Amino acid sequence: MSKLHANLVLLFAAALWGFGNIPQKTILDHLDPLSAVGMRCLIGGLMVLPLIATEPRQPAGGLYRASLARVSALFAVAVVFQQIGYLGTSVTNASFLVSTSTVMTPIAARLLTGERLTTTVGLAAGLSVVGALLLSGGIASFNRGDAAIMLSAVCFALWMVELGRHAQTYGRPFTAMATQCLGAAVVTLPFGLLHGNLSPATVIDAWPQLLVLGVFSTAVGFSIQTVAQRFTSASHAAVMLSAESGFGALGAALFLGERTSSAGVLGATIMLGAVLYLATSGGKTAKAGA
C-alpha cells in the first residue's frame with residue numbers, strides 16, 4: 001500500500017467515525033457509557049476475530065505481548081473517556097475536542113519514538129486545528145463532558161503512536177484490532193452489568209446504534225486504521241483522521257439539528273484543504289538521527 005492509498009483509507013475511517021458520532025450520542029438514551037463501549041467493542045472484536053487466520057504466525061515473545069498490551073490499554077481508556085464525554089457535550093464540540101489529538105500526536109511521537117515533525121505535517125496539523133476550532137464555534141463553557149473528551153484525545157494520541165510502532169514492527173493488524181476491542185469489552189461489560197443498566201432489553205432497544213458503532217465505527221474503522229498505519233507515520237494519520245470533526249459536524253447538522261455557522265463552513269473548508277494537502281504530499285516524516 002502506498003502512502004497516498006494509506007492516507008485515503010484513513011480519510012474513509014475519519015468519515016466512518018465522524019458520522020458514527022451520532023449514534024455514539026444517541027445510544028446513551030438506552031445504555032450507560034461503559035455498557036455502550038463494551039457492546040460496540042464486543043461486536044467489533046468478534047467481527048475481526050476470524051480474520052486473524054489470514055495473518056502469518058509470528059513468535060509471540062515478551063516484547064510483542066508488552067507492545068500489544070500497551071496498545072490495548074490505551075485504546076480502552078480512550079474509548080471509555082470519549083463515551084463518557086458524550087453525556088455532557090454536543091456532537092460538534094466532542095468532534096472538535098477529539099481532533100486536538102492532531103497536535104498531541106506529533107508531540108507524543110517525538111517523545112516516544114523520536115519522530116521529528118516535518119514542515120508539511122506541522123502546517124497541516126496547525127491548519128486542521130484552526131479549522132476544527134472554527135467549525136466548533138469555540139468552546140463557550142468547558143464542562144466535565146469536554147474534560148472527558150480532552151482526556152480521550154490525549155489517550156488517542158498516545159495510542160496512535162503506540163499502534164503505529166506496533167503495526168510497523170510486528171504487522172498482524174487484525175490480531176491487534178481484535179485484542180484491543182475484546183480487551184476493552186472484557187474490562188467494561190462487567191461494570192455495565194454490575195453498576196450500569198446493561199440487560200437484554202436495553203441492548204435490544206439500542207440495536208440500531210450498536211449495529212452502526214460495532215460494525216462500521218469499530219470493526220471497519222479501526223481495522224483499516226490499524227492496517228494503514230503500517231504505511232504512514234502517526235503524525236500523518238492524526239491529521240487525516242482529524243477530518244472526523246468535519247464529518248461529525250455534518251452528521252450532527254443533518255440528524256440532530258445542530259447548526260453550523262458560516263465560520264464553521266470556513267473551518268470545514270480549511271480542514272479539508274489541510275487533509276488534501278497532506279494526503280497528496282510526497283514527503284516522508286523524518287526520524288531523529290536520519
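Select Arg-70, Glu-162 and Arg-165: these residues are linked in a network of salt bridges. A salt bridge here is a side-chain nitrogen of Lys or Arg within 4 Å of a carboxyl oxygen of Asp or Glu. Side chains of opposite charge can pair when their charged atoms come close. The model is predicted, so local features need pLDDT of at least 70 and side-chain atom pairs count only at pLDDT 80 or more, while totals for chains, interfaces and linings use all residues. Residues are numbered from 1 along each chain as its sequence is written, and side-chain values use heavy atoms, with hydrogens and water left out.

**The salt bridges**

The structure holds two salt bridges. Show Arg-70 and Glu-162 as sticks: their side chains meet with N and O 3.3 Å apart. Arg-70 lies in helix α3 (residues 62-85) and Glu-162 in helix α7 (residues 144-170), so this pair ties together parts that are 92 residues apart in sequence. Helices are DSSP runs of H or I with at least four residues, strands are DSSP runs of E with at least two, and both are numbered from the N terminus.

Next, add Arg-165, which forms a salt bridge with Glu-162, the closest N and O atoms being 2.6 Å apart. Arg-165 and Glu-162 are three residues apart in helix α7, and are therefore separated by about one helical turn.

Which of these residues are covered? Buried means under 20% relative accessible area, exposed means over 50%, and partly exposed is in between (1.4 Å probe, protein chains only). Glu-162 has 6% relative accessibility, so Glu-162 counts as buried. Arg-70, at 39%, counts as partly exposed, and Arg-165, at 31%, also counts as partly exposed.

Now display what surrounds Glu-162. Leaving aside neighbours within four places in sequence, Glu-162 is in contact (heavy atoms within 4.5 Å) with Arg-70, Val-71, Leu-74 and Leu-112.

**The whole fold**

Zoom out and switch to a cartoon view. The protein has 13 helices and zero strands. Of the 290 residues, 53% are buried. Among contacts between residues at least 6 apart in sequence, 95% join residues at least 24 apart.

**The nonpolar core**

Select Ile-27, Leu-31, Cys-41, Phe-75, Trp-159 and Leu-241. Of the 53 residues in the largest nonpolar core, these touch the most other members. A nonpolar core is a set of buried Ala, Val, Leu, Ile, Met, Phe, Trp, Tyr and Cys residues joined through side-chain atoms within 4.5 Å. The elements that give two or more residues to this core include α1 (3-26), α2 (33-48), α4 (91-99) and α8 (173-195). In soluble globular proteins, nonpolar side chains tend to be buried together.

Stay with Phe-75 and show what lies around it. Not counting residues up to four places away in sequence, Phe-75 touches Cys-41, Trp-159, Gln-180, Cys-181, Ala-184 and Phe-222.

**Leu-10**

Go to helix α1 and pick Leu-10. Is Leu-10 buried or exposed? At 0% relative accessibility, Leu-10 counts as buried. Beyond four places in sequence, the residues that Leu-10 touches include Gln-225, Ala-228, Thr-232 and Met-240. Draw a distance between the C-alpha atoms of Leu-10 and Ala-238: these residues are 228 apart in sequence and 9.1 Å apart in space.

**Ser-35**

Move to helix α2 and select Ser-35. Ser-35 has 0% relative accessibility and so counts as buried. Its side chain makes a polar contact with the side chain of Asp-32 (2.6 Å). A polar contact is a pair of N or O atoms within 3.5 Å; within protein, one must be able to donate a hydrogen and the other to accept it, and residues adjacent in sequence count only if both atoms are side-chain atoms. Not counting residues up to four places away in sequence, Ser-35 touches Leu-189, Gly-192, Asn-197 and Leu-198.

**The surface**

Finally, turn on the surface. The accessible surface of the protein comes to about 12100 Å² (Shrake-Rupley method, 1.4 Å probe; for residues, only the protein chains shown count as cover), and 71% of it belongs to carbon and sulfur atoms.

Colour Phe-19, Leu-250 and Leu-254. Together they form a nonpolar patch with about 280 Å² of accessible area. Patches are made of residues with over 30% relative accessible area and no salt bridge; like charges are joined within 9 Å, and nonpolar side chains (Val, Leu, Ile, Met, Phe, Trp, Tyr) within 5 Å. Leu-250 lies in helix α12 (residues 244-256) and, at 42% relative accessibility, counts as partly exposed.
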